[in-house]
Structure formats: structure tokens, C-alpha cells
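Good morning, colleagues. Please take a moment to look at the sequence and the model before I begin.

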Amino acid sequence: MIPQRWVGAVSAVGLGVAFLAAIAMQSFALAQTWGAASWAPGAATAVVVCALALMRHRERTWTAAGGLVVTALAVLVPLLPGTRFPAGLGPAVALGLAVLTGSAVRALPMVRAGAIAGAGLLVIAVQFAVRPPSAVPAIAAAAWLAAVGVGLALRMFDGRAKAAAEEVRRAERLELARELHDIVAHHITGMVIQAQAAHIVVRRAPEKVSDSLTEIESAGSEAMTAMRRVVGLLRDTDDAAPVSPGPEGLSTLVERFSRQGPQVRLSVPDDDTEWPPEVTSTVYRIVQEALTNVLRHARHARSVDVTVGRDAEAVTVEVADDAPPHSPRSQHRGGYGLIGMRERVETLGGSLFAGPRPGAGWSVRAILPVPTREPG
């Protein structure tokens with residue numbers, strides 16, 4: 001997948017080249033029509049407006065307002081008595097103004113975007129009113145209309161993408177918090193059993209009551225820790241991970257996947273150390289989502305490695321395939337499933353990376369911190 005910053009850099013360079021070409025063509029045409037010295041004011045105006053258009057991502061409102069002011073001055077100054085300047089709305093200025101207008105319509109609040117678009121149309125209307133009919137204002141009007149249309153279309157697309165991403169985040173929160181019931185119920189059940197045992201111990205060996213109370217306190221502390229990590233989230237899904245899906249749960253998942261897709265090699269820790277239920281269920285969900293993405297988007301992969309590791313502070317899970325770098329849909333594997341996985345991992349204080357591997361294939365790697373158990 002091409003990094004977003006590269007796409008932005010390439011588009012900025014392409015737009016800059018288009019601006020330079022438009023300024024050069026405008027300057028040449030003015031020099032041919034109005035004389036050798038007449039191109040300078042129009043070129044200066046175009047450079048300012050186009051530079052503001054290239055900086056629009058930093059502050060869309062003020063760059064658009066600045067471009068409108070400069071364009072308005074370029075239209076009105078030649079009307080002053082004693083001045084003899086060519087028309088201010090040249091093709092390069094019109095192109096820069098169109099980019100500013102389209103950017104504002106796409107990203108700014110509706111009232112502000114409408115004001116900027118309306119001001120641009122007003123400047124073009126003034127050009128029509130004060131100058132003899134020509135192709136210059138017609139080109140500016142066509143560029144303005146195209147900018148507004150493209151801006152509205154992109155605004156609608158961005159809105160749908162944002163709504164879809166929010167729906168994924170909401171679904172993941174719903175899923176996580178339903179696990180809250182299972183996790184806390186697990187701990188509370190242990191506390192109840194320990195409390196019942198304490199009633200017996202207090203009659204037979206009162207000196208051992210302290211140990212039972214310590215176990216109850218520890219279970220309560222673990223329950224509170226789990227609750228703090230996922231409370232406030234709601235979950236509503238039928239495809240739930242087990243309460244504590246250990247290696248045996250991953251083995252079943254991998255076996256089911258291998259019947260439909262490429263061969264999967266699973267590597268898990270050999271020790272029997274228990275992890276918090278919210279961590280083990282997240283490991284399960286990451287592997288499940290990553291294998292599903294392999295099945296959907298990497299059909300040319302021959303094998304997949306699922307590696308789960310544990311150290312003193314964190315659990316690491318990685319799912320890596322060997323799909324060819326130019327396989328079909330290899331550029332579309334960073335979809336909404338990753339948003340849900342990242343939401344879950346970051347809720348637990350971890351981090352997630354997903355992207356192409358050097359040479360070939362795709363990797364999803366998550367690090368999940370395991371809270372240290374405080375002594376009771």
C-alpha cells in the first residue's frame with residue numbers, strides 16, 4: 001500500500017507543475033497581446049494565488065480568503081483611472097482560485113464553504129460586468145463550476161467514508177464491552193467461591209482466613225483492572241471470541257482457516273502462563289481478522305505464519321503472508337477491519353502495525369501490554 005504522505009507529495013508536485021505551466025502560458029499570452037512589460041502584474045497575482053492554493057491544507061479558510069482578496073484586487077485595480085493593466089482573472093489565477101474553492105467546499109463547514117464559493121462567483125461576475133466579453137471570465141466561470149462540483153462530490157465521499165469508519169469503531173466498542181460482562185463475571189465467580197471457602201476456613205482454621213481474603217482481594221483487583229480497560233464500550237455481535245481463547249482456540253481457528261485458504265503455521269508460547277482475558281480475546285480477534293483479510297485480499301499467498309510471543313511486559317502477535325507484491329487487490333488491504341483492530345488494541349494501551357513486508361507479502365503486528373499483578 002502506498003503511504004498516504006507519498007500520495008500527497010506526488011499530487012502537490014503535479015499541481016505545482018500545472019500551476020507553473022499555466023503561469024508561463026498566461027505570461028506569454030499577455031506579453032504577445034499587451035506588450036513585453038504587461039505580463040509582470042498578472043504573473044505576480046497568479047504566483048500568489050497559486051502559492052496559497054499549494055498551502056491550502058495548512059489553513060483552508062485563510063488561504064481561500066487570501067486568494068479571493070488578491071484576485072479581487074487584480075480585477076478592480078485595472079479599473080482605477082490612469083491605469084492600463086490587462087484583465088486580472090487570467091487562466092492561471094482562475095486555476096488557483098478553483099483549487100482553493102474546491103478545497104473549501106470539500107472540507108470546511110457548510111456556511112463557510114458556501115461563503116467562499118459565493119465570493120469567488122461574485123469576483124467572476126464582476127469580471128464579466130466590467131470587461132468586454134472574452135474567453136477569460138468564461139474560463140474562470142467554468143473552472144469555478146468544476147471546482148464546486150468536484151468539491152461537493154469529494155465532500156460526499158469523505159462523509160460516507162467517515163461514517164463507515166465510525167460504524168466500524170462503534171461495532172468494535174460494542175464487541176469489546178460485551179466481553180466486559182464475561183470477564184468480570186469470571187472474576188466475580190472466583191471471588192464468590194473464595195468467600196464461600198472462607199466461611200469453612202474460619203471455623204476449621206481461623207489462622208488461614210488471611211490467605212482466603214488475600215485471594216478475594218486479588219480477584220477483585222483483577223476484575224477492576226479489566227473493567228477499567230474496557231468499561232464504557234458496548235458490544236453487539238454474534239461472532240464473539242471465547243472468553244479466554246488460549247492456544248487451543250487459536251489452533252481451532254487456524255485449522256478452520258486452512259481448509260479454505262493457504263497453509264497456516266501457528267507458533268505460540270510453550271508455557272502455561274495465563275494472560276488477562278481481555279488480552280487473550282484480543283489476540284484471538286486480531287488473528288481472526290488478519291486471516292480473513294488474507295482470504296479476501298491475498299488469494300495468491302502460499303503460506304501464512306501466525307506467531308504469538310510473550311515477555312515480561314507484553315504479548316506480541318503477528319500474522320504474515322507471502323503474497324506476491326503485485327497480486328490482485330494488493331493495494332486495498334488497509335480497509336475498515338484494520339480500524340476495528342486498532343481501536344481494540346489501543347483501548348488496551350497497545351499498538352498495531354499493518355503494511356507490506358520487504359520483498360513480498362503483508363504483515364499485521366500488534367503489541368498488547370500485560371498489566372503486572374500487584375500483590376494483595
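Let me start with a question: at the start of helix 3, which residue has a side-chain oxygen that reaches the backbone nitrogen of Thr61? The residue is Glu59, whose side-chain oxygen comes to within 3.0 Å of that nitrogen. I should say at once that this is a predicted model.

First, the overall picture. The chain has 376 residues, of which 39% count as buried. It contains 10 helices and 5 strands. If we take the contacts between residues at least 6 apart in sequence, 72% of them join residues at least 24 apart.

Now to helix 3 itself, which covers residues 60–76. How far apart are its end C-alpha atoms? They are 24 Å apart, and this agrees with expectation, because 17 residues at 1.5 Å a residue should span 24 Å.

Several residues of helix 3 are buried: Thr61, Thr63, Ala64, Gly67, Leu68, Thr71, Ala74 and Val75. Thr61, which we met a moment ago in the contact with Glu59, is thus on this list. What covers these buried residues? The cover includes helix 2, at 39–54, helix 4, at 91–107, and helix 5, at 110–130.

Let us consider helix 5 further. Its axis and that of helix 3 lie 10 Å apart, and the two helices pack at an angle of about 10°. Helix 3 and helix 5 are therefore roughly parallel to each other, and their crossing is left-handed. On the helix 3 side, the residues that meet helix 5 include Thr61, Ala64, Leu68, Thr71 and Val75, each of which is also buried. Their counterparts in helix 5 include Ile116, Ala119, Gly120 and Val123.

Helix 5 also packs with helix 4. Here the axes come within 8 Å and cross at roughly 160°. That makes helix 4 roughly antiparallel to helix 5. This crossing, too, is left-handed. Thr101, Ala104 and Val105 of helix 4 meet Ala113, Ile116 and Ala117 of helix 5. Ile116 therefore deserves a second look on your screens: it appears in the contacts with helix 4 and in those with helix 3.

Finally, I turn to another part of the chain. Gly220 is found in helix 7, residues 209–230. Is Gly220 buried or exposed? With a relative accessibility of 16%, Gly220 counts as buried, since the cut-off for buried is under 20%. Ile188 is 32 residues away from Gly220 along the chain, yet their C-alpha atoms are separated by 7.2 Å.

Definitions and conventions. Residues are numbered from 1 along each chain as its sequence is written. This is a predicted model: local features need pLDDT of at least 70, side-chain atom pairs count only at pLDDT 80 or more; totals for chains, interfaces and linings use all residues. Side-chain values use heavy atoms; hydrogens and water are left out. Helices (H or I, at least four residues) and strands (E, at least two) are DSSP runs, numbered from the N terminus. The expected span of a helix is 1.5 Å times one less than its number of residues. Buried means under 20% relative accessible area, exposed over 50%, partly exposed in between (1.4 Å probe, protein chains only). Contact means heavy atoms within 4.5 Å. A polar contact is a pair of N or O atoms within 3.5 Å; within protein, one must be able to donate a hydrogen and the other to accept it, and residues adjacent in sequence count only if both atoms are side-chain atoms. Axes are lines fitted to C-alpha atoms, for helices over the stretch in contact, and angles run from 0 to 180 degrees between N-to-C directions. Angles under 35 degrees count as roughly parallel, over 145 as roughly antiparallel, 65 to 115 as roughly perpendicular and the rest as oblique. A crossing is left-handed if the near helix is turned anticlockwise from the far one by less than a right angle, and right-handed if clockwise.
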